[in-house]
Amino acid sequence: MSGIAQTVSLMAGIALGLVFYGGLWITIQRLTITRHPIALTLGSLLLRLAVVLVGLLLVTRGRWQNAVAYLAGFVIGRIAVSRYLRVCT
């Protein structure tokens, strides 16, 4: 059962890494056109952090092995976003 839980944690980490860093990229793109850049930056940060932390708490269930898998997935998500953006720009 722990292998399934760790796989779910890894996949959730990848998905939330994509959401976090994709949201960061969208925020940066909109900074040049917004009238309130500080509100946009802080609001985006708080929303992205809340989503990632809630996901972490739901997926890990207090087990460090699941937390490590989640973190590894989060890093994979970051790498995927950076490579995608490098190809697109």
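Outside the residues within four places of it in sequence, Val52 makes contacts with Leu16, Phe20, Tyr70 and Phe74. The model in which these contacts occur is a predicted one. Val52 and its four partners belong to the largest nonpolar core, a set of seven residues that also takes in Ala12, Val59 and others already named. Helices H1 (2-30), H2 and H3 (64-88) each give two or more residues to this core. The largest contribution, three residues, comes from H1. In soluble globular proteins, nonpolar side chains tend to be buried together.

The chain is made up of three helices and has zero strands, and the order of elements from the N terminus is α-α-α. Along the principal axes, the C-alpha atoms occupy a box of roughly 50 × 30 × 10 Å. The chain has 89 residues, of which 26% are classed as buried. When contacts between residues at least 6 apart in sequence are considered, 72% of them link residues at least 24 apart.

Confidence was examined for the chain and by element. Mean pLDDT for the chain is 93, with 98% of residues at 70 or more. Among the elements, H3 has the lowest confidence, with a mean of 92, while H2 has the highest, at 95.

Helix H2, spanning residues 37-60, contains Leu42 and also Ser44. The two residues fall into separate classes of exposure. Ser44 has a relative accessibility of 12% and counts as buried, because this value is under the 20% cut-off. Leu42, in contrast, has a relative accessible area of 48%, and is therefore partly exposed, since this value lies between the 20% and 50% limits. Apart from neighbours within four places in sequence, the contacts of Ser44 are with Gly23 and Thr27.

Leu42 is one member of a nonpolar surface patch. The other members of this patch are Ile38, Leu45, Leu49 and Leu53, and together the five residues have about 460 Å² of accessible area. For the chain as a whole, the exposed area is about 6,300 Å², and 73% of this area is supplied by carbon and sulfur atoms.

Notes:
Residues are numbered from 1 along each chain as its sequence is written. This is a predicted model: local features need pLDDT of at least 70, side-chain atom pairs count only at pLDDT 80 or more; totals for chains, interfaces and linings use all residues. Side-chain values use heavy atoms; hydrogens and water are left out. Helices (H or I, at least four residues) and strands (E, at least two) are DSSP runs, numbered from the N terminus. Buried means under 20% relative accessible area, exposed over 50%, partly exposed in between (1.4 Å probe, protein chains only). Contact means heavy atoms within 4.5 Å. Accessible areas come from the Shrake-Rupley method with a 1.4 Å probe; for residues, only the protein chains shown count as cover. Patches are made of residues with over 30% relative accessible area and no salt bridge: like charges are joined within 9 Å, nonpolar side chains (Val, Leu, Ile, Met, Phe, Trp, Tyr) within 5 Å. A salt bridge is a side-chain nitrogen of Lys or Arg within 4 Å of a carboxyl oxygen of Asp or Glu. A nonpolar core is a set of buried Ala, Val, Leu, Ile, Met, Phe, Trp, Tyr and Cys residues joined through side-chain atoms within 4.5 Å. pLDDT is the predictor's confidence in each residue, from 0 to 100.
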